[in-house]
Amino acid sequence: MSRTNRWIGGSILFGVLIYAMAPNAFAAISDPGFWNWRRDIVLFSGTISFVLMTLVVLISTRNPMLERLTGGLDKGYVIHKWAGIWAVSTGALHWLVEKTPKWTYSLGIWPEKVKGARAAVPDWQVALWKSGNVAAEYTIYAAIILTIIALINRIPYRYFRLTHKAFAFSYLVFAWHSATIMLKPDWFATPSGYIVLALAVVGSIAVLQGLFGYIGLSRRAEAVVTAFRDHGGILDIRLAATGGYAMAHNPGQFAFLRFDHDAEPHPFSFASSGKDAKQFRFGIKALGDYTTKLAESISVGQRVKLEGPYGGFHFDHPTSRQVWIAGGIGITPFLARLEHLAANGGTDRPVDLWYCAATVESAKWPTDLASLCEDAGVTLHVMVAERQEFLSAQGVQETTGTIEDVSVLFCGPHGFARAILGGLKTRGFDENNFHYDAFGMR
């Protein structure tokens with residue numbers, strides 16, 4: 001089971017346990033009937049949705065402990081994405097099952113529920129849970145629309161980030177709904193009510209932390225651009241720290257950069273080894289509106305704010321051989337590792353680096369790749385799609401001679417990763433030895 005599935009499955013199981021302790025839980029099992037089934041599905045789906053929503057906002061805080069538990073922020077954001085999809089899906093189910101009977105009996109399709117006697121409820125409690133109900137009903141429409149927008153990759157990153165800020169406000173509404181609706185079925189007579197209330201408080205604090213700009217506050221540094229060069233659509237940028245926080249980092253990690261001409265931070269992998277914690281190197285490829293215009297906006301002496309380092313992509317795997325596969329700009333974390341190895345006597349095991357570039361021109365960067373590989377003791381293989389050169393699992397196996405006791409480290413397009421891993425698995429490769437940088441922030 002993948003790490004993402006474990007986290008989502010664990011959250012769903014936690015939601016099941018919360019509901020199992022609730023008053024009259026799973027009533028439809030002992031007394032089957034339409035209204036009992038409806039009640040169970042409504043409360044059960046709502047509980048699971050809220051647990052998943054809380055997981056989403058907690059991951060967004062970039063908490064160091066959570067980052068370690070999720071395997072690095074890059075893996076954490078994959079969990080964040082799918083937990084969000086599951087949260088909105090179960091939330092939509094919760095709303096749909098709640099609303100459908102009211103629609104059907106208003107149309108004369110289903111008879112209206114005959115309500116029995118109910119214990120007197122204070123007016124203030126009724127007002128609270130009704131306010132939460134109304135707010136949540138309209139917010140779920142917005143959440144569904146925002147989810148669809150967030151999943152459209154063509155939408156610029158700055159708008160994508162705005163949708164996530166809107167999600168933060170949505171969470172506060174759902175937290176209010178979750179906390180107040182429990183007054184109606186008397187959940188506070190059981191541990192379930194207090195667990196949900198604790199989730200609402202913790203999640204709301206996490207949301208406010210983001211809205212007021214406190215996320216990553218202890219990991220921020222300031223720097224200036226000391227040099228840059230455009231290599232045919234790839235910017236090689238050098239920065240020097242100016243503040244007190246030097247930002248020590250390891251090969252494979254990344255940071256969020258915010259240039260003074262732009263209000264939005266963007267994630268980029270370090271191309272520097274981290275030996276000098278005040279000197280940074282980044283390779284940035286023109287892939288979207290922001291990165292394409294960056295070459296026109298950047299200048300020496302320009303101020304840059306950094307936040308990091310983040311990421312769990314590392315090279316300390318106990319196998320006798322390593323294979324590195326870089327797809328395009330995915331070469332950057334390997335540059336950092338090469339610089340580290342070259343400065344520390346070279347690699348202690350056979351390493352093959354496959355650099356897969358789209359064009360002959362793009363394969364010319366980095367200009368120091370061949371010399372770095374030589375100094376680090378790494379065997380370099382360059383493949384260019386423009387020349388009809390494509391890497392396959394067969395090519396990897398033929399080069400290494402074996403895929404047993406071999407670690408494969410991959411950074412590049414997800415489709416390329418799936419193709420390589422799938423081909424290796426058909427040849428008996430242990431999937432646990434495949435390590436990738438899930439660098440997509442969307």
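Reader: Taking contact to mean heavy atoms within 4.5 Å, what does T4 touch, not counting residues up to four places away in sequence?

Author: This is a predicted model, and in it T4 touches V78, I79 and W82 once residues up to four places away in sequence are set aside. T4 itself belongs to helix 1, which spans residues 3-20.

Reader: And is T4 buried or exposed?

Author: T4 has a relative accessible area of 13%, and since buried means under 20%, T4 is therefore buried.

Reader: Let's go to the nonpolar interior. Which residues have the most contacts inside the largest nonpolar core?

Author: They are F50, Y171 and W187, in a core of 39 residues. The elements that give two or more residues to this core include helix 1, helix 3 (34-60), helix 5 (73-106) and strand 3 (254-259), and helix 3 gives the most, with 10 residues.

Reader: What does F50 touch, not counting residues up to four places away in sequence?

Author: With those sequence neighbours left out, F50 touches Y171, F174, A175, S178, V196, L199 and A200. Apart from this core lies another one, of 23 residues, which has W324, W365, C373 and A376 among them.

Reader: Now the strands. How do strand 1 and strand 2 run?

Author: Strand 1 (residues 220-230) and strand 2 run antiparallel and are joined by 7 bridges; within that pairing, F228 has I237 of strand 2 as its bridge partner. The two strands form a hairpin with 3 residues between them, where G232 takes a positive phi near 60°.

Reader: What is the bridge partner of I237 in strand 5?

Author: I237 is partnered there by F282. Strand 2 and strand 5 (residues 279-285) also pair in the antiparallel sense, over 7 bridges, and strand 2 (residues 234-241) is mostly covered, with 7 of its 8 residues buried.

Reader: Changing topic to charges: how many salt bridges does the structure hold?

Author: There are 14 salt bridges in the structure. As general background, side chains of opposite charge can pair when their charged atoms come close.

Reader: Which residue forms a salt bridge with D236?

Author: The partner of D236 is R281, with the closest N and O atoms 2.7 Å apart. This pair links distant parts of the chain, with D236 in strand 2 and R281 in strand 5, 45 residues apart, and both residues are buried. They also belong to a network of salt bridges in which D236, R238, R281 and D368 are linked.

Reader: What about D352, which side chain does it meet in a salt bridge?

Author: D352 meets R321, at 2.8 Å from N to O. Here too the pair links distant parts of the chain, D352 lying in strand 8 (residues 351-357) and R321 in strand 7 (residues 321-327), 31 residues apart; both are buried. A further salt bridge brings together the side chains of K75 and D74, 3.0 Å apart from N to O, and those two residues are buried as well.

Reader: You mentioned strand 7 and strand 8. What is the order of the open sheet of 5 strands?

Author: The order is 9-8-7-10-11, with parallel pairing. Strand 9 (379-384) and strand 11 (434-436) are the edge strands, each pairing on one side only, and the twist averages 15° from one strand to the next.

Reader: Over how many bridges do strand 7 and strand 10 pair?

Author: Strand 7 and strand 10 (residues 406-411) pair in the parallel sense over 6 bridges, and I325 stands opposite F410 in strand 10. Helix 10 (residues 332-343) packs on the sheet, touching strand 7, strand 8 and strand 10, and its direction makes about 140° with that of strand 7.

Reader: And where does helix 13 lie?

Author: Helix 13 lies across strand 7, strand 8, strand 10 and strand 11, and it runs at about 175° to strand 11.

Reader: Last one, helix 12: which residues are buried there?

Author: In helix 12 (residues 393-400), the buried residues are A393, G395, V396 and T400. They cover an arc of only 160° around the axis, so they sit on the same side of helix 12. What covers them includes strand 7, strand 8 and helix 13 (414-426), and just after helix 12, G401 takes a positive phi of about 85°.

Notes. Residues numbered from 1 in each chain as written. Predicted model: local features only at pLDDT ≥ 70, side-chain atom pairs only at ≥ 80, totals over all residues. Heavy atoms only, no water. Buried < 20%, exposed > 50% of the residue type's maximum accessible area, 1.4 Å probe, protein only. Helix = DSSP H or I, 4+ residues; strand = E, 2+ residues; numbered from the N terminus. Pairing = 2+ DSSP bridges. Salt bridge = Lys/Arg side-chain N within 4 Å of Asp/Glu carboxyl O. Contact = heavy atoms within 4.5 Å. Arc of directions from axis to C-beta. Axes fitted to C-alpha atoms, helices over the stretch in contact; angles between N-to-C directions. Core = buried A, V, L, I, M, F, W, Y, C linked by side-chain atoms within 4.5 Å.
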